[in-house]
Amino acid sequence: MERAGGSRVVLCLLCGLPAAGKSTLSRALSRLLPPHQGWDCSVLAYDELIPQEAPGPPEPGWKRRRREVLRQLERRLRGPPGPAAQRGLPEPGAAPRPLCIVLDDNFYYRSMRYEVYQLARKYSLSFCQLFLEGPLEQCLRRNHLRSHPLPDETIRLMATRIEPPDPKKNTWEQNSLVLKSPDCPSEDEYDAVLMKGCYAQIIDLLATALENPVKQNEENTEQKEADRVACAASTVHQADQTCRRVISQTMKEAKDKNVLPSEMKSLAEELNKLKAAFLEDLRQETHLKNETGQQNHSFDPATRVFSSFQHEATSVVNKYILK
């Protein structure tokens, strides 16, 4: 897509666990791309725009805040009032330079990343992904050094749910690169390690994405979208009813095992939180499946969620029975 000054735009999405090194990489790209490659580079850091959220049942407004970040990005691309330089775009009349807009966030659900891909498709922009892969213990150690660290259990839970790019399964993720997160004490050392290591791979990925912008979807009709929403709602509703039956049966089992009334309340709260988390996983997975048109009749996400929920519910109630 041609933007101000004739530049071409790549949406470069960073994803990975908290403290995997995404923000460090985004700053390095903003330092290295302009002088070494002649690119403009702008960083959109989600942590600076929305509160850090934990995986599992999202708090009210969680999706709304993420949509607002995408709206900010879209307004930037459309060209709101004000100097182009303030929007991360070259000034009119400037020599054509490619623009890399780095989106820095965890993006642990694939559906979160697909929302960015949809924006690229809407405007025929280029799209690529950099997945920062680091040992869980290294991420936990780095997190402890932050001024506002996340709870360890949040990162551990996210590690069990994060969905790395899968180019073989999803064609829209073909421009993806998995990187090992270097452990460097300073930004100068980080730049040196990056230049000697994977920097060339990143440049190749950006160049490939730049020359292959996402094509607009000509079949994006209102009826098709309505059918997708109805399908997703029906699947989640059925799973919700099934999970409710499991909770009812589990509570009956706990009562028969003489679990104390005071602990029955805690058990019910824990099971309902667990249900909310599993249903959110199902919503994300069903939404992505419908959006991408994936058909896999031998794999039903609702069945997987129900099986996992039943197993987790049994584990939870056993803790109370064995007390």
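Me: Which helices each supply at least two residues of the lining of the largest cavity?
Reply: Helix H3 (62-78) and helix H4 (110-122) each supply at least two of those residues, helices being DSSP runs of H or I with at least four residues and strands runs of E with at least two, numbered from the N terminus. This is a predicted model, where local features need pLDDT of at least 70, side-chain atom pairs count only at pLDDT 80 or more, and totals for chains, interfaces and linings use all residues. Residues are numbered from 1 along each chain as its sequence is written, and side-chain values use heavy atoms, without hydrogens and water.

Me: And which residues line the largest cavity?
Reply: The lining consists of Tyr46, Arg66, Leu70, Phe107, Met112, Glu115 and Val116, and its largest share, three residues, comes from H4. A cavity is a set of points on a 1 Å grid where a 1.4 Å probe fits but cannot get out, and lining residues have an atom within 4 Å of a point.

Me: What volume does the largest cavity have?
Reply: Its volume is about 40 Å³, taken as the space filled by probe spheres set on the points, and a search of the whole structure finds one cavity of 30 Å³ or more.

Me: Switching topic, how many aromatic pairs does the search find?
Reply: Searching the whole structure gives seven aromatic pairs, meaning rings of Phe, Tyr and Trp (its six-membered ring) with centres within 6.5 Å, called stacked under 30 degrees, edge-to-face over 60 and tilted otherwise. One of them joins tyrosine 114 and tryptophan 172 edge-to-face, at 5.0 Å centre to centre and 70° between the planes.

Me: Where in the chain do tyrosine 114 and tryptophan 172 sit?
Reply: They link distant parts of the chain, 58 residues apart, with tyrosine 114 in helix H4 and tryptophan 172 in the loop between helix H6 (152-161) and strand S5 (176-180). Both tyrosine 114 and tryptophan 172 are buried, which is to say under 20% relative accessible area with a 1.4 Å probe on protein chains only.

Me: Which residues form one aromatic cluster there?
Reply: Tyr114, Tyr117, Phe127 and Trp172 form the cluster, and within it phenylalanine 127 and tryptophan 172 make a tilted pair, 6.3 Å centre to centre with 45° between the planes. Phenylalanine 127 lies in strand S4 (residues 126-133), 45 residues away from tryptophan 172, and phenylalanine 127 is buried too.

Definitions and conventions:
On a 1 Å grid over the protein atoms alone, a cavity is a set of points where a 1.4 Å probe fits but cannot get out, and a pocket is an open set with protein on both sides within 12 Å along at least five of seven lines; lining residues have an atom within 4 Å of a point. Buried means under 20% relative accessible area, exposed over 50%, partly exposed in between (1.4 Å probe, protein chains only).
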